[in-house]
Amino acid sequence: LIIDLPENQASVVKQTVNEKVTWNFSGPDADKVTISDFGITLIGKAPNFEDPKDSDKDNKYNFNLIATDTTGNKTTQNITVNITDENEGPAVTPSKG
């Protein structure tokens, strides 16, 4: 699964399942994501395209989402989150003068 996420946003995707599962992550950027009832979220400050924080600094967070049901059956989904650059206009600070 490949997801394009504009910079300055942390929420990635909402996951759904048809039974009770335990969630885990693996892969090079597994330590940079978390999961809750709201979905998968990047940990920490929302990503900035100009300052990549993923494992290889290419603005692509690569990880596996692993769902394990109560009998031990596992399903793994490979996920890549591409952080896309947004046009951030210049900051304007008015001054007297």
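**Close-ups of two pockets and a small sheet**

**View 1. What lines the largest pocket, by residue class?** In this predicted model, the lining of the largest pocket breaks down into nine nonpolar, six polar and four charged residues. That pocket has a volume of about 260 Å³. Its lining runs to 19 residues, and T16, V17, W23, A67 and T75 are the ones nearest the centre. Three strands, β3 (21-26), β6 (60-69) and β7 (74-84), put at least two residues each into the lining of the largest pocket. β7 chips in the largest share, with four residues.

**View 2. The second largest pocket holds about 180 Å³ of space.** Here the lining includes the run L42, I43, G44, K45, A46, P47 and N48, joined by K32, D51, P52, K53 and Y61. Sorted by class, that makes six nonpolar, two polar and four charged residues around the second largest pocket.

**View 3. Three strands make an open sheet in the order β2-β5-β4.** The pairing is antiparallel. At the edges sit β2 (11-13) and β4 (33-36), each with pairing on one side only. From one strand to the next, the twist averages 35 degrees. As a reminder, strands of a sheet pair through backbone hydrogen bonds, either parallel or antiparallel.

**View 4. Zooming in on the β4 and β5 pairing.** How many bridges link β4 with β5? There are four, and the two strands pair in the antiparallel sense, with β5 covering residues 39-42. One spot to look for is I35, which stands opposite I40 in β5.

How values were computed
Residues are numbered from 1 along each chain as its sequence is written. This is a predicted model: local features need pLDDT of at least 70, side-chain atom pairs count only at pLDDT 80 or more; totals for chains, interfaces and linings use all residues. Side-chain values use heavy atoms; hydrogens and water are left out. Two strands pair if DSSP finds at least two bridges between them. Axes are lines fitted to C-alpha atoms, for helices over the stretch in contact, and angles run from 0 to 180 degrees between N-to-C directions. On a 1 Å grid over the protein atoms alone, a cavity is a set of points where a 1.4 Å probe fits but cannot get out, and a pocket is an open set with protein on both sides within 12 Å along at least five of seven lines; lining residues have an atom within 4 Å of a point. Grid points are joined across faces, edges and corners, and a volume is the space filled by probe spheres set on the points. Ala, Val, Leu, Ile, Met, Phe, Trp, Tyr, Cys and Pro count as nonpolar, Asp, Glu, Lys and Arg as charged, and the others, Gly among them, as polar.
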